[in-house]
Amino acid sequence: ATAAEMGIDPLDPAQAIDGAGRYLARLYRTTGTWAQALAAYNWGVGNVQRRGLAAAPTETRNYFSQILADVNSANGTALA
């Protein structure tokens, strides 16, 4: 459903990568933080908005924590 909403073919790697980036940017604008945007990408924006990061499943907490740690390590700054 998200792929259709984004107007992409999810089986086309170039379209899927571009669409994923645009979707993540939209989630960031919606949620206001990278941690929440990444959690929403993994768990759904509705869950993040209604329940918050503290209620996120372990998989989701590990997902956004690891990505932020990797990005922060790579660029020497803290995104969240």
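In this predicted model, Tyr28 touches Thr33, Trp34 and Ala37 once residues up to four places away in sequence are set aside. Tyr28 sits in helix α2. Its relative accessible area is 31%, so Tyr28 is classed as partly exposed, a label reserved for values between 20% and 50%. Tyr41 offers a handy second reference point: 13 residues separate Tyr28 from Tyr41 in sequence, and their C-alpha atoms are 9.6 Å apart in space.

It helps to step back to the chain as a whole. Its secondary structure consists of 5 helices and 0 strands, giving the pattern α-α-α-α-α when read along the sequence. The C-alpha trace spans about 30 × 30 × 20 Å along its principal axes. Of the 80 residues in the chain, 25% are buried. The accessible surface amounts to about 5000 Å², and carbon and sulfur atoms account for 55% of that surface. When contacts between residues at least 6 apart in sequence are considered, 15% of them join residues at least 24 apart. As for charge, the chain carries 6 positive and 6 negative charges, and the mean positions of the two groups lie 13 Å apart.

Helix α2, the home of Tyr28, runs over residues 13-31. Its 19 residues should span 27 Å at 1.5 Å a residue, and the 26 Å between its end C-alpha atoms agrees with that expectation. Which residues of α2 are buried? They are Gly19, Tyr23, Leu27 and Thr31. These four cover an arc of only 95° around the axis, and therefore lie on the same side of α2. The partners of this buried set are found in three other helices: the buried residues of α2 pack against α1 (2-6), α3 and α4 (45-51). The face turned away from the buried side has another character, carrying the exposed residues Ala14, Ile17 and Arg29.

Helix α5 can be read in a similar way. It comprises 18 residues, 58-75, and reaches 26 Å from its first C-alpha to its last, close to the 26 Å expected at 1.5 Å a residue. Thr60, Phe64, Leu68 and Asn72 are the buried residues of α5. Because they cover an arc of only 85° around the axis, they fall on the same side of the helix. What do the buried residues of α5 pack against? Their partner is α3 (34-43), a helix that the buried residues of α2 also pack against. On the other side of α5, the exposed residues are Glu59, Ser73 and Ala74. Just after α5 comes Gly76, which has a positive phi, near 75°.

One further residue of α5 deserves a look. Gln66 belongs to this helix, and its relative accessibility of 45% makes Gln66 partly exposed. How far apart are the C-alpha atoms of Gln66 and Gln15? These two glutamines are 51 residues apart along the chain, with a C-alpha separation of 25 Å.

Taken together, the two helices present a clear sidedness: the buried residues of α2 share one side of that helix, and those of α5 likewise share one side of theirs.

Definitions and conventions: Residues numbered from 1 in each chain as written. Predicted model: local features only at pLDDT ≥ 70, side-chain atom pairs only at ≥ 80, totals over all residues. Heavy atoms only, no water. Buried < 20%, exposed > 50% of the residue type's maximum accessible area, 1.4 Å probe, protein only. Contact = heavy atoms within 4.5 Å. Areas by Shrake-Rupley, 256 points an atom, 1.4 Å probe, with all protein chains shown as cover. Lys, Arg positive; Asp, Glu negative; His and termini not counted. Charge placed at Lys NZ, Arg CZ, Asp CG, Glu CD. Expected span 1.5 Å × (residues − 1). Arc of directions from axis to C-beta.
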